[in-house]
Amino acid sequence: MFQGLGTIMLVPALLRQVNEAEGDDGDDCLTRSVHGTQYLILAAVSLANVAGRLLGFLLPKFASFRVTHATTAVLIALCYGVVVFCDDIVTISMAMAVGKLLYSFTMVEISIILFDPAFFGSSVFAAGSGFVLGCGYVGCVLGIGLAAFFPAIVSTVLTFALSVVKVFVCLSITERN
């Protein structure tokens with residue numbers, strides 16, 4: 001949830017950062033706000049969420065859980081890496097849209113896992129599911145807080161680091177039946 005809901009706050013912060021880098025000092029209102037065609041960028045990133053959810057229902061039938069989630073974790077890390085090291089608004093927007101699409105894709109399977117007693121085992125199903133869901137909510141609050149109250153680069157670098165860690169977590173998860 002850190003990457004999902006935090007992105008909603010991070011994209012406008014990144015757009016403001018690009019505006020400040022490109023804007024002149026006389027037009028303070030335009031440099032500190034999202035304006036014009038930048039609203040289309042926000043809409044495109046939000047639409048990537050819907051596309052990712054649809055893919056999340058279709059593609060897992062053709063590939064295993066570990067393969068799809070490890071691959072998407074690597075691609076999400078690459079997307080945030082592009083955002084960290086790039087200053088072009090188009091490249092940043094595309095990377096954030098692809099990252100949001102991939103995140104939404106993975107959330108379909110993770111949502112199913114939360115309610116799968118076979119994955120956690122029947123004896124610890126409630127504890128395992130509750131722990132994963134609780135960690136997700138903590139990540140959500142941290143992601144939104146970072147994007148809202150810290151500079152965009154701090155949120156982006158932290159999300160990039162967490163995305164790299166997620167690759168190893170996905171590789172350590174057992175295959176789901």
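**A cavity lining and a helix pair**

By class, the residues lining the second largest cavity comprise 6 nonpolar, 1 polar and no charged ones. The model is a predicted one, and it contains 2 cavities of 30 Å³ or more. The second largest cavity encloses about 40 Å³ of space. Its lining is formed by V11, L14, L15, I41, I92, S93 and M96. Two elements give two or more residues each to this lining: α1, which covers residues 2–22, and α5, which covers residues 89–113. The polar member of the lining is S93, because Ser is not listed among the nonpolar or the charged residue types.

The next topic is a pair of helices. Two packed helices are described by the angle between their axes and by the distance between those axes. Helix α4 spans residues 65–85 and helix α8 spans residues 152–172. They pack at an angle of about 160 degrees, and their axes lie 8 Å apart. Angles over 145 degrees count as roughly antiparallel, so α4 and α8 are roughly antiparallel to each other. The crossing in which α4 passes α8 is left-handed.

Which residues make the contact between α4 and α8? From α4 come R66, H69, A70, A73, V74, I76, A77, Y80, G81, V83 and V84. From α8 come I153, T156, V157, T159, F160, S163, V164, K166, V167, C170 and L171. Sorted by class, the residues of this contact are 15 nonpolar, 5 polar and 2 charged. The charged ones are R66 of α4 and K166 of α8, because Arg and Lys count as charged.

Notes. Residues numbered from 1 in each chain as written. Predicted model: local features only at pLDDT ≥ 70, side-chain atom pairs only at ≥ 80, totals over all residues. Heavy atoms only, no water. Axes fitted to C-alpha atoms, helices over the stretch in contact; angles between N-to-C directions. Helix = DSSP H or I, 4+ residues; strand = E, 2+ residues; numbered from the N terminus. Parallel < 35°, antiparallel > 145°, perpendicular 65-115°, else oblique. Left-handed = near helix turned anticlockwise from the far one by under 90°. Contact = heavy atoms within 4.5 Å. 1 Å grid on protein atoms, 1.4 Å probe; cavity = no way out; pocket = protein on both sides within 12 Å on 5 of 7 lines; lining within 4 Å. Points joined across faces, edges and corners; volume = space filled by probe spheres on them.
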